[in-house]
Amino acid sequence: PTTSIAYFHGIHESMVVGHKMLHVKRPFSVTDNYAVMFMNLNEENGLILQLNTASTATTFDCRWISDYVHENEYLLVNSASSSSSSLCIDAVISCKNGVHHNYATYVDALH
């Protein structure tokens, strides 16, 4: 069986998420620790994307070279050429003025 790991990625609230599946062409930073995203976006207006990587997405563990080991940072590399390696958005959490709202129940309506 495929193991599913939740990763979190923060984005600015002005970015639009219009589809449940992500096809990313370059590596980007994620963490497996929700508290890290919570602390980083607590006073900003942003969105936390909870990504499901039950696919063949590859992660590179950056903790051993990071100045911020507690952030559990990974680089996530996804192949845009294969739908089997798509990243699925499981939840979108809005962070506005220190208040967080989880829109996981509405995410399924995107697709």
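Which residues have the most contacts inside the largest nonpolar core? In this predicted model, they turn out to be F28, V30, L51, L76 and V92, and the core they sit in has 13 residues. Several strands chip in: strand 1 (6–12), strand 3 (28–31), strand 4, strand 6 (73–77) and strand 7 each give two or more residues to this core. There is also a second, separate core, made of seven residues, with F8, L41, I48 and I93 among them. As a bit of background, nonpolar side chains in soluble globular proteins tend to be buried together.

Strand 7, which spans residues 87–96, is a good place to look next. It is mostly covered, with eight of its 10 residues buried. On one hand, strand 7 pairs with strand 4 (residues 46–52): the two run antiparallel and are joined by seven bridges. Within that pairing, A91 of strand 7 has Q50 standing opposite. On the other hand, strand 7 also pairs with strand 8 (residues 99–102), again antiparallel, this time through four bridges. Here I93 and N102 of strand 8 stand opposite each other; I93 has already come up as a member of the second core.

S94 gives a residue-level view of strand 7, where it is found. Its relative accessible area is 14%, and because the cut-off for buried is under 20%, S94 counts as buried. Setting aside neighbours within four places in sequence, the residues in contact with S94 are G46, L47, V99, H100, H101 and Y103.

Helix 1 covers residues 34–41, and its buried residues include V36, M37 and L41. These three lie on the same side of helix 1, because they cover an arc of only 110° around the axis. The general rule behind this kind of pattern is that an α-helix has 3.6 residues a turn, so residues three or four places apart point the same way. L41 is also one of the residues of the second core. At the N-terminal end, helix 1 is capped by N33, with a side-chain oxygen 3.0 Å from the backbone nitrogen of A35.

Finally, what about charged pairs? A search of the whole structure turns up one salt bridge. In it, the side chains of R63 and D61 meet at 2.5 Å, N to O. Neither partner is buried: R63 is partly exposed, with a relative accessible area of 31%, and D61 is partly exposed too, at 25%.

Notes
Residues are numbered from 1 along each chain as its sequence is written. This is a predicted model: local features need pLDDT of at least 70, side-chain atom pairs count only at pLDDT 80 or more; totals for chains, interfaces and linings use all residues. Side-chain values use heavy atoms; hydrogens and water are left out. Buried means under 20% relative accessible area, exposed over 50%, partly exposed in between (1.4 Å probe, protein chains only). Two strands pair if DSSP finds at least two bridges between them. A salt bridge is a side-chain nitrogen of Lys or Arg within 4 Å of a carboxyl oxygen of Asp or Glu. Contact means heavy atoms within 4.5 Å. A nonpolar core is a set of buried Ala, Val, Leu, Ile, Met, Phe, Trp, Tyr and Cys residues joined through side-chain atoms within 4.5 Å. The arc is that of the directions from the helix axis to the C-beta atoms. A polar contact is a pair of N or O atoms within 3.5 Å; within protein, one must be able to donate a hydrogen and the other to accept it, and residues adjacent in sequence count only if both atoms are side-chain atoms.
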